[in-house]
Amino acid sequence: MAQTRQIPISSLLSNSTDVMFSVEFMPPRDDAAEQRLWNAATTFKDLGAAFGSVTYGAGGSTRERTFRIAQRLTELPLNTLVHLTLVEHSHAELVSILEDYASAGLTNLLALRGDPPGDPLGEWMKAPDGLEYTSELIELVRATDHSRDFDLGIAAFPEGHHRAESLELDTAYTLAKLRAGAEYAITQVFFDVEHFLRLRDRLAAADPVAGAKPIIPGIMPITSLRSVQRQIELSGATMNPEVGERLERAALSGDAAVREEGIRISTELAERLIAEGAPDLHFMTMNFAKATHQVLHNLGMAPQWS
Ligand SMILES: Cc1cc2nc3c(=O)[nH]c(=O)nc-3n(C[C@H](O)[C@H](O)[C@H](O)COP(=O)(O)OP(=O)(O)OC[C@H]3O[C@@H](n4cnc5c(N)ncnc54)[C@H](O)[C@@H]3O)c2cc1C
């Protein structure tokens with residue numbers, strides 16, 4: 001199997017003096033969507049993205065697509081982060097997937113529990129002979145022959161994970177993943193920078209070593225009210241009332257005005273994150289280039305979109 005060695009994301013984070021940006025892609029469902037993904041990936045590669053990540057869904061074909069898309073991203077070449085979840089996987093399957101990733105040189109890994117297929121907010125069911133929590137996946141990676149090859153990231157939730165008993169316990173579990181060997185975290189999307197800052201504060205206060213590892217904010221460029229509502233439904237993130245009001249006011253003038261105001265809001269959020277020392281801005285692109293490109297342009301990190 002062809003190997004394209006990836007730069008560990010933790011080393012990019014510790015060696016970069018300037019804020020970086022990175023992008024998330026989803027395995028496409030059809031040829032048209034796949035073409036859009038490659039157009040977006042090429043655009044972001046040309047703009048100097050630090051890495052592109054590929055999400056992981058339940059169901060065999062989605063998994064194969066994640067693997068294939070991640071491999072092709074490395075060939076662009078774009079430094080690649082591949083996601084892996086516990087959903088519907090036995091312990092043995094996870095070991096075999098880790099083998100495949102390592103053999104293909106896909107060594108930047110985002111370790112995740114995943115959401116139940118169908119209804120992300122539905123009941124979580126551990127797979128037969130599977131794992132319960134992401135911390136166990138990190139232990140599994142660390143127990144394989146490829147332990148040293150993998151550079152591990154995890155998910156973090158500025159407002160607490162929707163299944164967590166409390167914010168305090170969620171912080172403790174996030175910290176446990178960082179202590180177990182994850183080098184950095186990427187957050188769930190949020191609409192109020194304060195949530196991100198308080199998460200960072202909680203982690204650093206609880207453990208000045210593991211809790212001080214880089215926390216990368218996840219940013220969804222706002223392009224419509226529907227996409228914001230969907231994000232809130234899926235993740236349990238809350239809307240900042242001021243942002244909500246601005247979007248609703250814009251909606252009185254139509255969809256284009258919402259998009260324009262949304263890009264402005266996303267830019268302001270990113271500006272504040274840069275001012276607060278975020279090491280990287282991770283954009284949830286939904287495989288589209290334009291909105292993220294516009295935010296990057298507003299930040300002085302990309303030329304005008306043409
Ligand atoms: C950046 C990012 C990327 C994502 N990409 C994907 C993707 O590609 N595919 C996908 O399906 N989903 C993805 N998700 C969603 C994620 O998988 C879900 O939100 C999942 O429910 C939580 O994952 P986790 O890794 O944080 O789980 P865990 O760390 O296992 O936590 C799950 C829940 O259990 C609690 N918990 C953790 N450890 C313990 C413990 N020891 N005892 C008791 N409770 C505990 C936590 O507080 C939390 O409520 C992503 C999320 C983010 C933020």
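The exercises below walk through parts of a predicted model, each with a task and a stepwise solution.

The structure is a predicted model, in which local features need pLDDT of at least 70 and side-chain atom pairs count only at pLDDT 80 or more, while totals for chains, interfaces and linings use all residues. Residues are numbered from 1 along each chain as its sequence is written, and side-chain values use heavy atoms, with hydrogens and water left out.

**Exercise 1. The nonpolar cores**

Task: Find which residues have the most contacts inside the largest nonpolar core, and which residues Leu137 touches.

Solution: Begin with the term itself: a nonpolar core is a set of buried Ala, Val, Leu, Ile, Met, Phe, Trp, Tyr and Cys residues joined through side-chain atoms within 4.5 Å. Here buried means under 20% relative accessible area, exposed means over 50%, and partly exposed lies in between, with a 1.4 Å probe and protein chains only. The largest such core has 66 residues, and those with the most contacts inside it are Phe25, Phe44, Leu84, Tyr101, Leu109, Leu137 and Leu273. The largest share of this core, six residues, is supplied by helix 2; helices (H or I, at least four residues) and strands (E, at least two) are DSSP runs numbered from the N terminus. A second core of 14 residues is separate, and Leu13, Met20, Phe51 and Phe157 are among its members. Turning to Leu137, and leaving aside residues up to four places away in sequence, this residue touches Leu84, Leu86, Leu94, Ala111, Leu112 and Leu131, where contact means heavy atoms within 4.5 Å. As background, nonpolar side chains in soluble globular proteins tend to be buried together.

**Exercise 2. Helix 11 and the loop before it**

Task: Determine which elements the buried residues of helix 11 pack against, and whether Asn287 is buried or exposed.

Solution: First list the buried residues of helix 11, which are Ala291, Thr292, His293, Val295 and Leu296. These buried residues pack against strand 1 (20-25), helix 2 (31-47), helix 10 (255-275) and strand 8. After helix 11 comes Gly300, whose phi is positive, near 80°. Next, step back to the loop between strand 8 (280-284) and helix 11 (290-298), where Phe288 lies, as does Asn287. Asn287 has a phi near 70°, a positive value in a residue other than glycine, and Asn287 counts as buried because its relative accessibility is 3%. Phe288, by contrast, counts as partly exposed because its relative accessibility is 45%. Finally, Phe288 joins Met26 and Met286 in a nonpolar patch on the surface, with about 270 Å² of accessible area together. Patches are made of residues with over 30% relative accessible area and no salt bridge, like charges being joined within 9 Å and nonpolar side chains (Val, Leu, Ile, Met, Phe, Trp, Tyr) within 5 Å; accessible areas come from the Shrake-Rupley method with a 1.4 Å probe, and for residues only the protein chains shown count as cover.

**Exercise 3. Salt bridges**

Task: Work out how many salt bridges a search of the whole structure finds, and which parts the pair of Glu268 and Arg246 ties together.

Solution: A salt bridge is a side-chain nitrogen of Lys or Arg within 4 Å of a carboxyl oxygen of Asp or Glu, and the search finds 15 of them. Consider Arg198 and Glu194, whose side chains meet at 2.3 Å, N to O; being four residues apart in helix 7 (residues 193-206), they are separated by about one helical turn. Then take Glu268 and Arg246, whose closest N and O atoms are 2.8 Å apart. Glu268 lies in helix 10 and Arg246 in helix 9 (residues 241-251), so this pair ties together parts that are 22 residues apart in sequence. Arg246 counts as buried at 14% relative accessibility. Lastly, salt bridges that share partners join Glu194, Arg198, Asp201, Arg272 and Glu276 into one network.

**Exercise 4. A strand pair and a cis bond**

Task: Establish in which sense strand 5 and strand 6 pair, and which residues a cis peptide bond joins.

Solution: Strand 5 (residues 151-156) and strand 6 pair in the parallel sense over four bridges, and two strands count as paired if DSSP finds at least two bridges between them. Within this pair, Ile154 stands opposite Ala185 in strand 6. Strand 6 (residues 184-189) is mostly covered, with five of its six residues buried. The cis peptide bond joins Leu76 and Pro77, with omega about 5°, and Pro77 lies in the loop between helix 3 (60-75) and strand 3 (80-84).
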